[in-house]
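Biologist: I am new to this structure and would like a close look at a single part of it. Could you take one strand and describe what surrounds it?

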Amino acid sequence: MAEAHQAVGFLPSLASDGEEVELSAPVWQEIYLSGLRSWKRHLLRFWNDFLTGVLPASPLSWLFLFSAIQLAWFLQLDPSLGLMEKIKELLPDWGGQHHGLRGVLAAALFASCLWGALIFTLHLALRLLLSYHGWLLEPHGAMSSPTKTWLALVRIFSGRHPMLFSYQRSLPRQPVPSVQDTVRKYLDSVRPILSDEDFNWTAVLAEEFLRLQASLLQGYLRLKSWWASNYVSDWWEEFVYLRSRNSLMVNSNYYMMDFLYVTPTPLQAARAGNAVHALLLYRHRLNRQEIPPTLLMGTRPLCSAQYEKIFNTTRVPGVQKDYIRHLHDSRHVAVLHRGRFFRVGTHSRNGLLSPRALEQQFQRILDDPSPACPHEEHLAALTAAPRDMWAQVRRSLKTQAAEALETVEGAAFFVSLDSEPAGLPKEDPAASLDAYAHALLAGQGHDRWFDKSFTLIVFSDGKLGLSVEHSWADCPISGHMWEFTLATECFQLGYLADGHCKGHPDPMLPEPQRLQWDLPEHIHPSISLALRGAKTLSENIDCHILPFSHFGKSFIKRCHLSSDSFIQMALQLAHFRDRGQFCLTYESAMTRLFLEGRTETVRSCTREACNFVRAMENKEKTDPQCLALFRVAVDKHQALLKTAMSGQGVDRHLFALYIVSRFLHLQSPFLAQVHAEQWLLSTSQVPVQQAHLFDVHNHPDYVSSGGGFGPADDHGYGVSYIFLGNDMITFHISSKKSSTKTDSRRLGRHIEDALLDIASLFQEGHHLKRQFRGLGEEVSGHRCGFVCSQTGDSETPTTSTDF
């Protein structure tokens with residue numbers, strides 16, 4: 001999602017007032033501390049799992065083993081081969097009458113040791129199995145005999161009912177790629193972008209780096225990979241996110257949308273009540289590890305570490321570096337409405353408040369006529385300010401308004417009750433969608449608390465949305481939570497005919513607590529300055545939503561192609577038509593096949609993709625020629641994607657090498673050039689992970705339409721997309737209005753044309769073309785005149801199940 005902007009911005013985060021900030025700690029000390037933090041997390045997770053009774057395995061399995069040993073002993077058999085007698089000799093002698101007790105204790109100790117040894121062996125065997133990645137590199141739709149055997153063994157060693165964190169102790173560590181391979185792949189990725197002269201110079205720098213510095217830096221990375229959980233993820237979190245001094249708004253947040261065309265209830269308080277209740281139900285399941293782990297192919301688990309910080313988490317600003325504060329529990333949410341802050345308790349003596357009780361509390365806030373105090377209305381703009389400025393102001397708030405600040409930062413999450421609607425009026429639905437996306441991404445600059453892990457936004461017409469801070473986790477984690485929330489609040493909790501939540505109000509509930517901010521006068525100018533900066537940034541963002549309903553995943557699959565690669569090639573064609581040149585393209589791929597893995601970059605603008613785009617723009621090229629080049633480009637992209645997912649990508653390795661060079665105070669012109677690159681096209685697919693929660697056939701409108709993020713460059717685009725079922729794709733496009741080179745709506749038109757032009761290369765695409773002509777509205781494609789409908793498609797949003 002928004003990581004591309006942070007990735008290109010981490011170099012400025014290592015500078016202060018134009019001077020470089022030296023990383024003074026020795027690199028070996030940093031590696032040691034990284035490993036220490038890893039082991040601390042492991043021990044904490046071990047203890048939490050033990051307390052909840054899921055570690056090292058179910059207590060029933062120990063009881064079964066103990067009972068079997070006791071039965072064998074009763075039958076005059078000794079399964080311990082004499083070890084139990086040795087244990088009995090070591091136990092204290094409590095007298096002859098307690099001889100039987102000593103036998104039971106010896107059996108229990110032997111059972112515990114054998115139980116632990118068996119579980120350790122199973123975990124070790126599973127880790128070895130999960131280190132196999134041959135399945136990932138096989139052709140799509142084909143499965144070799146070794147892979148089939150591997151799948152069967154993984155299922156056997158995984159157990160029958162794995163819990164959310166069951167696989168964490170068995171996941172392999174992310175490998176450190178060969179530095180020679182990484183440099184070779186990097187040079188291959190920039191070849192279509194650079195001129196011959198620039199490429200030759202880059203190749204010289206690369207050769208010099210390999211000869212003089214690479215082996216030293218690589219050695220430190222290998223040392224870290226042996227000692228810490230992940231050789232790159234903690235540095236990625238620190239240097240890309242927490243050390244960034246830019247505003248979080250637009251730069252480090254992304255948004256998730258509600259159902260696109262329907263709103264279950266027009267009552268703002270009722271929608272908030274059901275949504276908050278559903279989110280807290282998700283937290284309850286998360287705490288009990290009742291959320292099933294994500295499995296590729298129904299077997300290969302992904303790392304679940306990022307789920308730990310969804311709730312009760314705040315990014316706290318600091319000078320030079322922020323930190324993430326996570327609480328074990330929180331029994332309230334912080335609410336912002338018309339510039340006023342409230343504390344709403346979420347639990348009573350009987351447990352979690354019902355949706356109707358929560359609706360009652362939110363309605364009390366909406367009905368409260370009291371005005372905001374001076375400067376309180378714009379206080380949240382400080383969270384959108386540059387981080388050093390906010391850190392300094394927060395010190396004053398910690399002394400003058402400590403209780404109110406703690407209530408906000410210690411909340412389970414933040415709720416914003418907006419005073420404006422976000423629906424789709426019939427007059428101009430397209431513009432309303434764009435305004436909806438803008439409101440979720442940036443709002444007015446002072447109506448979101450951007451430090452919180454996420455903010456639930458409820459508009460006055462009952463529309464929902466989510467604004468998510470990026471440092472603590474990536475999009476699939478918040479997306480999983482959001483899918484559960486929408487499905488639960490709409491289908492399971494539901495609403496009455498009059499729009500209210502089901503159930504009855506609780507008149508005995510205390511009123512929501514209004515927070516009192518004692519704001520010292522010396523921070524008033526800072527609030528005003530932060531507000532001006534936030535409004536400027538908000539007004540500069542250009543958002544556009546493109547619901548593409550001409551075809552979807554089913555058509556792409558019938559063409560025997562990867563749906564993601566299909567879209568990436570269409571984006572290359574669209575961007576070339578928009579800008580007339582090729583550019584570095586950032587596509588986010590997950591590395592959660594490994595312990596504490598996060599993301600890797602797929603550099604989608606390949607030589608094969610450029611050859612295809614040039615052919616599409618060459619009128620002398622025939623459709624079969626273009627199609628052949630298209631298939632080659634898709635195959636290349638798929639190979640890059642699989643390489644990235646298997647831990648053999650380019651950018652995270654080069655990033656970690658650069659960080660080590662900074663710790664060692666080594667100047668590397670090659671690494672400096674790599675990390676000075678600008679990503680003019682940043683892309684990401686929003687995965688649909690729980691399609692079973694939605695009834696696409698009976699309720700096709702009740703499907704989330706994904707989310708989006710800001711551009712990575714002032715003159716670039718941010719594009720995310722989601723496959724809704726089999727026949728629709730929704731694109732979220734962003735750019736900066738200040739740039740004369742970008743226009744989100746213009747790129748949207750190019751994307752639509754590019755998709756239709758590529759579809760026309762296939763035999764079935766001509767069939768689609770005839771269908772579109774029958775609908776009677778012409779769409780001008782660059783290579784073909786498609787006839788299709790741009791209206792009347794609001795009844796066909798569906799879901800998909802990409803990773």
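Modeller: What follows is an account of one strand, β13, and of the sheet and core around it.

This is a predicted model, in which local features need pLDDT of at least 70 and side-chain atom pairs count only at pLDDT 80 or more, while totals for chains, interfaces and linings use all residues. Residues are numbered from 1 along each chain as its sequence is written, and side-chain values use heavy atoms, with hydrogens and water left out.

Strand β13 covers residues 454–458; strands (E, at least two residues) and helices (H or I, at least four residues) are DSSP runs, numbered from the N terminus. Five of the five residues of β13 are buried, so the strand is largely enclosed by the rest of the structure, where buried means under 20% relative accessible area, exposed over 50% and partly exposed in between, with a 1.4 Å probe and protein chains only. In a regular strand the side chains alternate between the two faces of the sheet. Here Phe454, Leu456 and Val458 point one way from β13, whereas Thr455 and Ile457 point the other way.

The strand belongs to an open sheet of eight strands with mixed pairing, in the order β15-β9-β8-β12-β13-β14-β3-β20, and two strands count as paired if DSSP finds at least two bridges between them. The edge strands of this sheet, each pairing on one side only, are β15 (513–514) and β20 (707–709). On one side of β13, four bridges join it to β12 in the parallel sense, and Phe414 has Thr455 as its bridge partner in β13. With β14, β13 pairs in the antiparallel sense over five bridges, and Ile457 stands opposite Gly465 in β14. The hairpin of β13 and β14 has five residues between the strands, and Gly462 takes a positive phi near 90° there. Further along, β14 (residues 464–469) is joined by five bridges to β3 (residues 253–257), again antiparallel, with Asn253 opposite Glu469.

As for the core, the largest nonpolar one has 83 residues, and those with the most contacts inside it are Ile310, Phe362, Phe413 and Leu456; such a core is a set of buried Ala, Val, Leu, Ile, Met, Phe, Trp, Tyr and Cys residues joined through side-chain atoms within 4.5 Å. Leu456 is one of the residues of β13. Ile310, not counting residues up to four places away in sequence, touches Phe454 of the strand as well as Tyr282, Leu286, Ser453, Trp472, Ile477 and Met481, contact meaning heavy atoms within 4.5 Å.
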